[in-house]
Amino acid sequence: MNHQQPSLTERRKAATQLDIARAAAALFAERGPDGTTAEDIAHRAGVALRTFYRYFRSKQDAVGPLLSGGAERWRALLGAAGPGVPLAEALEGAITDALIPRDEHAAEQLGWTRGLLRAAQDDPALRAVWYRVNQDSEERLLPVLARLAGEDADPLEVRLAAAAATDAVRVALEAWAVTDAPTAGAGSPAALAVRCLHELMGGMRLFKG
């Protein structure tokens, strides 16, 4: 399947958004969301305040690109699964590959996520961003799962599978974030997500194949 490559302008926009997101996450870790202003984030990111507001409505919105990065990675891995691969196998493989940090960047991503989810416990606006990121991920996952499930699959079952898979990752990350468990092995996001996946999807015909 051919996908149009993002333009240079789109790549620059995405890079700027990620710079702002990292600045916001770092400040939240240092001062908490209440102790951080949009001006602080813009200054840390090296952009004008008007640039900040061109991309984000609030300081909490600014961390959206960091929180959505993992979901984008595992959707891409799932989308790369070949035809005929059982849905359960494809989901487990993609989630595991996405949540086990293979390099410094992936480990950093998980670290940001843990810090932000901890901060979100006391910040309703930050929790709302997290929930919105997951809702968006579920909607983007639907066509990917529909392709893997095949034309004969029940649309309602595909929708349930998208919801369950998204929630498996969400709950796993939330459960892991409040602990000091490692990023790999027992208690890690990948291990918890696979467990959640089986608990939530074990009774689905799509998951059984």
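This section describes the internal cavity, the largest pocket and the aromatic contacts of a predicted model.

A search of the whole structure returned one cavity of 30 Å³ or more. The space in the largest cavity amounts to about 200 Å³. Its lining consists of 18 residues, of which Leu67, Gly70, Ala71, Val169 and Leu173 are the closest to the centre. Five helices each contribute at least two residues to this lining, namely helix 4 (64-79), helix 5 (87-99), helix 6 (104-120), helix 7 (124-149) and helix 8 (155-177). Helix 4 provides the largest share, with five residues. In terms of residue class, the lining of the largest cavity is made up of ten nonpolar, six polar and two charged residues.

The largest pocket has a volume of about 660 Å³. It is lined by 26 residues, and those closest to its centre are Gly64, Pro65, Ser68, Gly69 and Glu72. At least two lining residues come from each of helix 1 (8-31), helix 4, helix 6 and helix 7. Helix 4 again supplies the largest share, here ten residues of the pocket lining, as against five residues of the cavity lining. By class, the pocket lining comprises nine nonpolar, eight polar and nine charged residues. Two charged residues were found in the lining of the largest cavity. Helix 4, helix 6 and helix 7 thus appear in the list of contributors to the cavity and in that for the pocket.

Aromatic contacts were examined next. A pair of aromatic rings is described by the distance of the centres and the angle of the planes. Three aromatic pairs were found in the whole structure. Phe52 and Tyr53 form an edge-to-face pair, with 5.1 Å between the centres and 85° between the planes. Phe52 has a relative accessible area of 0% and is therefore buried, whereas Tyr53, at 44% relative accessibility, is partly exposed. Phe52 also pairs with Phe56; the ring centres are 5.9 Å apart and the planes lie at 50°, so this pair is classed as tilted. Phe56 is buried as well, because its relative accessible area of 7% is under the 20% limit. Ring pairs join Phe52, Tyr53, Tyr55 and Phe56 into a cluster.

Within this cluster, Tyr55 belongs to helix 3 (residues 49-55). The relative accessibility of Tyr55 is 22%, so the residue counts as partly exposed. When neighbours within four places in sequence are left aside, Tyr55 is in contact with Lys13, Thr16, Gln17 and Ile20. Tyr55 and Ala14 are separated by 41 residues in sequence, while their C-alpha atoms lie 9.7 Å apart in space.

A further arrangement involving an aromatic ring occurs at Trp176. Arg114 is placed over the face of Trp176, at 3.8 Å from the ring centre.

Terms used: Residues are numbered from 1 along each chain as its sequence is written. This is a predicted model: local features need pLDDT of at least 70, side-chain atom pairs count only at pLDDT 80 or more; totals for chains, interfaces and linings use all residues. Side-chain values use heavy atoms; hydrogens and water are left out. On a 1 Å grid over the protein atoms alone, a cavity is a set of points where a 1.4 Å probe fits but cannot get out, and a pocket is an open set with protein on both sides within 12 Å along at least five of seven lines; lining residues have an atom within 4 Å of a point. Grid points are joined across faces, edges and corners, and a volume is the space filled by probe spheres set on the points. Helices (H or I, at least four residues) and strands (E, at least two) are DSSP runs, numbered from the N terminus. Ala, Val, Leu, Ile, Met, Phe, Trp, Tyr, Cys and Pro count as nonpolar, Asp, Glu, Lys and Arg as charged, and the others, Gly among them, as polar. Rings of Phe, Tyr and Trp (its six-membered ring) pair if their centres lie within 6.5 Å; planes under 30 degrees apart count as stacked, over 60 as edge-to-face and the rest as tilted. Buried means under 20% relative accessible area, exposed over 50%, partly exposed in between (1.4 Å probe, protein chains only). A charge sits over a ring if NZ of Lys or CZ of Arg is within 6 Å of the ring centre and within 35 degrees of the ring normal. Contact means heavy atoms within 4.5 Å.
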